[in-house]
Amino acid sequence: MRAIRMHTTGGPEVLTLETVPDPVPGPGQVLVRVEAVGVNFIEIYQRSGLYPIALPSIPGSEGAGTVVALGEGVTGITPGARVASVAFTGAYAELALAPADALVPLPDAVSTRQAAALMLQGMTAHYLACATRPLAPGDTCLVLAAAGGVGLLLIQIARRRGARVIACASSDDKRARALAAGADFAIGYDAIADEVRRLTAGAGVALVYDSVGRTTFEASLASLARRGTLVLFGQASGPVPPFDPQELNRRGSLFLTRPKLGDYTATRAELLERAGDVLGWVADESLRLTIDRELPLSAAAQAHTLLASRATSGKLVLVPSLEG
Ligand code: NDP
């Protein structure tokens, strides 16, 4: 099969298209023909060496496609079924393995390209809005990188829960996209806390969703209302330096959490519930999915460059059947 492999950490150029042996499903595993791959920021952290991984490696964990073969002991799923997962080993490929219990069946109304674009960012937006500190009517939240893949979905789910949303993004075009997704206000990165205080009559917001990290952490803390919650869920600008918990006390008994999706899809029931919700909302068109672009597998390096350079709004999808 064709797959993207990296033999060393480094820039996007370490991602190369190679022909490698087809994977064989072991006990409890399922082999899937990957029709669409979701590109995620974590693969940039792994490629650059920020998050350590074993090498050589085929990147990617998110994808959707058709079941080809079952490993020993797998029941309840048949070859030909349309499935998606965020737990593939090496999704940047024509074929990939996932544990059977990490696969989610797809409703007819959702294509494999949509599913690959939705699963990871959609379930992330879901747990951020519904489970870290569940948003409720009357809450106002601040969403950073609001026109990104997670951001556009998070705005919609926050609104769905009755919250008001202040969106922060780096350009007029991105701010317009955040407003079109339902944000009540859109601001830039200059003077974030001042803007938030201005828009909340001085009170600050109940929640900040910060995936930018190093460059925004201080402004995020300064934007919170008393007893507010900072949900730091990414570090697109780099890791946040060590932090004194006493700051949380000084600034108004704040809460800080640094969550990850795996802990909010820890059981099969929770995975199916979260995936079922977001797939259902896309199927009934109450959640709008934005696919920035679809690229061939051979353009994986280009996809990383686009995502890391803030040039995208919405999801990047690799499609193995596209010629590149
Ligand atoms: P996005 O589509 O949001 O792309 C990243 C965005 O971050 C950019 O478009 C840009 O938006 C903003 N950004 C701000 N500063 C920088 C910078 N220095 N370099 C690059 N981008 C920057 O990506 P995703 O939706 O895939 O992911 C969003 C974040 O969520 C990532 O940090 C990711 O790690 C995190 N994440 C966390 C999960 C978890 O469970 N903890 C799960 C999934 C994602 P702008 O130009 O508007 O600033």
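**Figure 1. Backbone atoms of Gly149, Val150 and Ala236 meet the ligand in this predicted model.** Start with Gly149: one of its polar backbone atoms sits 2.8 Å from an oxygen atom of the ligand. Val150 does much the same thing, with a polar backbone atom 2.9 Å from an oxygen atom of the ligand. Over at Ala236, a backbone N or O atom lies 3.3 Å from a nitrogen atom of the ligand. On its own, the ligand has 900 Å² of accessible area, and the protein covers 92% of that.

**Figure 2. A shell of 28 residues surrounds the ligand.** Who comes closest? That would be Tyr127, Ser170, Lys174, Tyr189 and Arg310. Sorted by type, the shell holds 15 nonpolar residues, 10 polar ones and three charged ones. Four helices each put at least two residues into it: helix 1 (41-48), helix 2 (112-132), helix 3 (149-160) and helix 9 (300-308). Of these, helix 2 gives the most, with four residues.

**Figure 3. The ligand lies between two domains.** Domain 1 is written in two pieces, 2-119 and 266-323, while domain 2 covers 122-262. Why is the ligand said to lie between them? Both domains give residues to the shell around the ligand, so its place is between the two.

**Figure 4. Six strands line up in an open, parallel sheet.** Going across the sheet, the strand order is 10-9-8-11-12-13. Strand 10 (185-187) and strand 13 (255-257) are the edges, and each pairs on one side only. Direction ignored, neighbouring strands here are turned by 15 degrees against each other on average.

**Figure 5. Strand 12 and strand 13 pair up at one end of that sheet.** Strand 12 takes in residues 224-232, and it pairs with strand 13 in the parallel sense over three bridges. For a landmark, look for Leu230, which stands opposite Leu256 in strand 13.

**Figure 6. Leu55 and Pro56 are joined by a cis peptide bond.** Omega for this bond is about -5 degrees. Pro56 can be found in the loop between helix 1 and strand 4 (62-70). What makes a bond like this worth a close-up is that most peptide bonds are trans.

**Figure 7. Ala201 has a positive phi.** The value is about 50 degrees, although Ala201 is not a glycine. Most residues other than glycine have a negative phi. To find Ala201, go to the loop between helix 5 (192-199) and strand 11 (205-210).

Note on methods
Residues are numbered from 1 along each chain as its sequence is written. This is a predicted model: local features need pLDDT of at least 70, side-chain atom pairs count only at pLDDT 80 or more; totals for chains, interfaces and linings use all residues. Side-chain values use heavy atoms; hydrogens and water are left out. A residue is near a molecule or strand if one of its heavy atoms lies within 4 Å of it. A polar contact is a pair of N or O atoms within 3.5 Å; within protein, one must be able to donate a hydrogen and the other to accept it, and residues adjacent in sequence count only if both atoms are side-chain atoms. Accessible areas come from the Shrake-Rupley method with a 1.4 Å probe; for residues, only the protein chains shown count as cover. Ala, Val, Leu, Ile, Met, Phe, Trp, Tyr, Cys and Pro count as nonpolar, Asp, Glu, Lys and Arg as charged, and the others, Gly among them, as polar. Domain bounds come from an automatic or database domain assignment. Two strands pair if DSSP finds at least two bridges between them. Axes are lines fitted to C-alpha atoms, for helices over the stretch in contact, and angles run from 0 to 180 degrees between N-to-C directions.
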